[in-house]
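The following paragraphs lead through the helix packing and the ligand surroundings of one molecular structure. They are best read with the coordinates open.

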Amino acid sequence: VNLLEEVRLGLRRDEFDVYYQPIIDLRTSEVRGFEALVRWQHPTRGLLTPAAFSAALEDHALSAKIGAFVLDRSLGQLRQWTNQSIPVLCVNVNISRSQLQSGDELSRQVVALLKKYDLSPDRLKLEILESAFLGDRADAVADVLRQLRQFGVISALDDFGTGYASLTHLKTFDVGRIKIDRSFISGLEEQQSNRVITQAIIDLGANLGMRVVAEGVETLEQLKVLVAGNCDCGQGYLFSRPMPGGEVPGFLARWR
Ligand code: G
Ligand code: G
Ligand code: NA
């Protein structure tokens, strides 16, 4: 069986799941929200991350199906947590290039799901890779992000600093947040250059009124540098690995 056929089957058999990784406010230590990360509980190969299947799906209709699944599952989860008084403020959902380039389809989906689960638009953030902006549909993509922003859904520019023309994207697209790519964070202790670049991104975000999230925080030393540099939020193994939705209430109880 080829991978596409397997994914199609996997979706039908409910083998896909969403894991959640907390995003921490570095000033108050509070949990600001969770990033939703798709996983595939493969019948023979075990738990798969997108690295194992997303390349094969890029720009294929199935990728839109998985995207729609993740949005529905994570917003449904947020509704359930809210009903149980589990204090999760928002979920960050990754949006693929094909979802973004589908035009109004994405905003229609988002609006419909927020209504379905009776959630206000600020409970959802979208994470967008710079590579999603490439191609000849940049104007349409900019329109969709503007529409969503006007509706109240904020987007974050993901893996910031690694893409082509990062600064142009900040100007052209209506994003309210920046996530500093973990390649800059991982060398924060030893490498002067990473420290300078990270601080420049933090300051840039602050001056533009954007919240800045550092990705891939793994050590206390990195955390200290980020706190001293006045970075808004952090995410990474130091705080927690991505976990199944069922473990989130326990995590929050221990965190406080
Ligand atoms: O934990 P991790 O291996 O899940 O994530 C690997 C990459 O896949 C990350 O860059 C992440 O942004 C991306 N990713 C994770 N979940 C999703 C998803 O639901 N949709 C899309 N488009 N990308 C995702
Ligand atoms: O921003 P992006 O969606 O690319 O980030 C999510 C990916 O990063 C997922 O694959 C997640 O499992 C991974 N990740 C999260 N925290 C850490 C970390 O502290 N270190 C490393 N190496 N990867 C991380
Ligand atoms: Na992301």
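Which residues in α5 meet which residues in α6? On the α5 side they are Asp-104, Leu-106, Ser-107, Val-110 and Val-111; on the α6 side, Val-144, Gln-147, Leu-148 and Phe-151. Sorted by class, the residues of this contact comprise 6 nonpolar, 2 polar and 1 charged.

Before the description continues, the status of the coordinates should be stated. This is a predicted model. The average pLDDT of the chain is 93, and 100% of the residues score at least 70. For the model, ipTM is 0.94 and pTM is 0.96.

The geometry of the first pair can now be added. Two packed helices are described by the angle between their axes and the distance between the axes. Helix α5 spans residues 104-116 and helix α6 spans residues 138-151; their axes cross at roughly 20° and come within 9 Å. Because angles under 35 degrees count as roughly parallel, α5 is roughly parallel to α6. The crossing of these two helices is right-handed.

Helix α5 also packs against α3, at an angle of about 25° and with the axes 10 Å apart. This angle therefore makes α3 roughly parallel to α5. The crossing in which α3 passes α5 is right-handed. From α3, the contact draws on Ala-68, Leu-71, Asp-72 and Leu-75; from α5, it draws on Gln-109, Val-110, Leu-113 and Leu-114. The class division here is 6 nonpolar, 1 polar and 1 charged. Val-110 of α5 belongs to the contact with α3 and also to the contact with α6.

From α3 the path leads on to α1, the helix of residues 3-12. The axes of α1 and α3 lie 11 Å apart, and the packing angle is about 25°. The angle is again such that α1 is roughly parallel to α3. The crossing of α1 and α3, however, is left-handed. Leu-4, Val-7, Arg-8 and Leu-11 of α1 make this contact with Leu-62, Lys-65 and Phe-69 of α3. Its residues divide into 5 nonpolar and 2 charged, with no polar residue.

Helix α3 has a further part in the structure, in the surroundings of ligand 1. The shell around this ligand consists of Leu-37, Val-38, Thr-49, Pro-50, Ala-51, Gly-67, Val-70, Asn-94, Ser-96 and Pro-242. Two elements give two or more residues to it, namely strand β2 (31-42) and helix α3 (61-83). By class, the shell around ligand 1 holds 6 nonpolar and 4 polar residues and no charged residue.

What is the class make-up of the shell around ligand 2? There, 4 nonpolar, 5 polar and 6 charged residues are found. Charged residues are thus present around ligand 2, whereas the shell around ligand 1 has none. Of the 15 residues around ligand 2, those that come nearest are Asp-158, Gly-216, Glu-218, Gly-236 and Tyr-237.

Key. Residues numbered from 1 in each chain as written. Chains lettered and ligands numbered in written order. Predicted model: local features only at pLDDT ≥ 70, side-chain atom pairs only at ≥ 80, totals over all residues. Near = placed C-beta within 6 Å. Helix = DSSP H or I, 4+ residues; strand = E, 2+ residues; numbered from the N terminus. Nonpolar A, V, L, I, M, F, W, Y, C, P; charged D, E, K, R; others polar. Axes fitted to C-alpha atoms, helices over the stretch in contact; angles between N-to-C directions. Parallel < 35°, antiparallel > 145°, perpendicular 65-115°, else oblique. Left-handed = near helix turned anticlockwise from the far one by under 90°. Contact = placed C-beta atoms within 7 Å. pLDDT = per-residue confidence, 0-100.
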